[in-house]
Amino acid sequence: QVQLAESGGGSVQAGGSLRLSCTTSGGTYSSNCVGWFRQAPGKEREGVAQISAVSGLKDYADSVKGRFAISRDNAKNTVYLQMNTLKPEDTAIYYCAAHEKLYGGACFRAMYSTNFDDWGQGTQVIVSS
């Protein structure tokens, strides 16, 4: 089991930036794919970005490509989500999650929430117009 904790959420005006952090403990960090998901009121949980452990391959939702960047700091067992040019539609609770179902901490091609086993409690992001 991996414990995850998100931080860095808050309120920002459209066009602004935030950086979310996901710190992990327990489990084997180097064997885990880590992803970011978000859920807005009345919407299904949506995969935002994910990053594999060994290869470092990254995937992004089309809605955030060019604006968001996911990265890993392996010395700190931390995954970041840099969010730039924020839009009101980005308003949501953001969760980080992890799984180790594939060799080398690889991620599945699609960012399905059902692939992830361990979840943080979420951090709120509010983007006002």
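A residue counts as buried when its relative accessible area is under 20%, as exposed when that value is over 50%, and as partly exposed in between. The structure on display is a predicted model, and the tour below applies these classes at each stop.

**Stop 1: Arg 38 and its partners**

Select Arg 38 first. Its relative accessibility is 6%, so Arg 38 counts as buried. Now add Glu 46 to the selection: the two side chains form a salt bridge, with the closest N and O atoms 2.9 Å apart. Glu 46 has a relative accessibility of 31% and therefore counts as partly exposed. Extend the selection to Arg 67 and Asp 90, since Arg 38, Glu 46, Arg 67 and Asp 90 are linked in a network of salt bridges. Over the whole structure, a search finds five salt bridges.

**Stop 2: strand β9 and its neighbours**

Display residues 92-99 next, which make up strand β9. Seven of the eight residues in β9 are buried, leaving the strand mostly covered. Which strands pair with β9?

- Strand β4 (residues 33-39) runs antiparallel to β9 and is joined to it by seven bridges. To locate this pairing, select Cys 33, which stands opposite His 99 in β9.
- Strand β11 (residues 123-128) pairs with β9 in the antiparallel sense over three bridges. Here Tyr 94 stands opposite Thr 123 in β11.
- Strand β10 also pairs with β9 in the antiparallel sense, over two bridges. The residue to select is Ala 98, whose bridge partner in β10 is Asp 118.

**Stop 3: Asp 118**

Remain on Asp 118, which lies in strand β10 (residues 118-119). What is the nearest side chain of opposite charge to this buried residue, and how far away is it? The side chain is that of Lys 101, at 9.8 Å, and Asp 118 has no salt bridge. A salt bridge requires a side-chain nitrogen of Lys or Arg within 4 Å of a carboxyl oxygen of Asp or Glu, so a separation of 9.8 Å does not qualify.

Turn next to the surroundings of Asp 118. A polar atom of its side chain lies 3.2 Å from the backbone nitrogen of Val 2. Apart from residues up to four places away in sequence, Asp 118 touches Gln 1, Val 2, Leu 4, Cys 96, Ala 97 and Ala 98.

**Stop 4: Lys 101**

Move to Lys 101, in the loop between β9 and β10. Side chains of opposite charge can pair when their charged atoms come close. The partner to select is Asp 117: its side chain and that of Lys 101 meet in a salt bridge, at 3.7 Å from N to O. The pair links distant parts of the chain, with both Asp 117 and Lys 101 in the loop between β9 and β10, 16 residues apart. Are these two residues buried or partly exposed? Asp 117 is partly exposed, with a relative accessible area of 46%, and Lys 101 counts as partly exposed at 44%.

A polar atom of the Lys 101 side chain also lies 3.2 Å from the backbone oxygen of Asn 115. Leaving aside neighbours within four places in sequence, Lys 101 is in contact with Phe 108, Thr 114, Asn 115 and Asp 117. For a longer view, draw a distance from Lys 101 to Gly 27: their C-alpha atoms are separated by 13 Å, and the residues lie 74 apart along the chain.

**Stop 5: the aromatic cluster**

Show the aromatic rings now. A search of the whole structure finds four aromatic pairs. One of them is formed by Phe 37 and Phe 116, which meet edge-to-face at 5.0 Å centre to centre, with 80° between the planes. The pair links distant parts of the chain: Phe 37 is in strand β4 and Phe 116 in the loop between β9 and β10, 79 residues apart. Both Phe 37 and Phe 116 are buried.

Add Trp 119 to the view. Its ring centre lies 6.3 Å from that of Phe 116 and the planes stand at 65°, so this pair is edge-to-face. Why do the two partners fall into separate burial classes? Phe 116 is buried because its relative accessible area is 5%, whereas Trp 119, at 27% relative accessibility, counts as partly exposed. Finally, include Tyr 95: ring pairs link Phe 37, Tyr 95, Phe 116 and Trp 119 into a cluster.

**Stop 6: Asp 62 and Lys 65**

End with Asp 62 and Lys 65, which form a salt bridge with their closest N and O atoms 3.1 Å apart. Both residues are exposed, whereas Arg 38 at the opening stop is buried.

Note on methods: Residues numbered from 1 in each chain as written. Predicted model: local features only at pLDDT ≥ 70, side-chain atom pairs only at ≥ 80, totals over all residues. Heavy atoms only, no water. Helix = DSSP H or I, 4+ residues; strand = E, 2+ residues; numbered from the N terminus. Buried < 20%, exposed > 50% of the residue type's maximum accessible area, 1.4 Å probe, protein only. Lys, Arg positive; Asp, Glu negative; His and termini not counted. Polar contact = N/O pair within 3.5 Å; in protein donor to acceptor, adjacent residues only side chain to side chain. Contact = heavy atoms within 4.5 Å. Pairing = 2+ DSSP bridges. Phe/Tyr/Trp six-rings, centres within 6.5 Å; stacked < 30°, edge-to-face > 60°.
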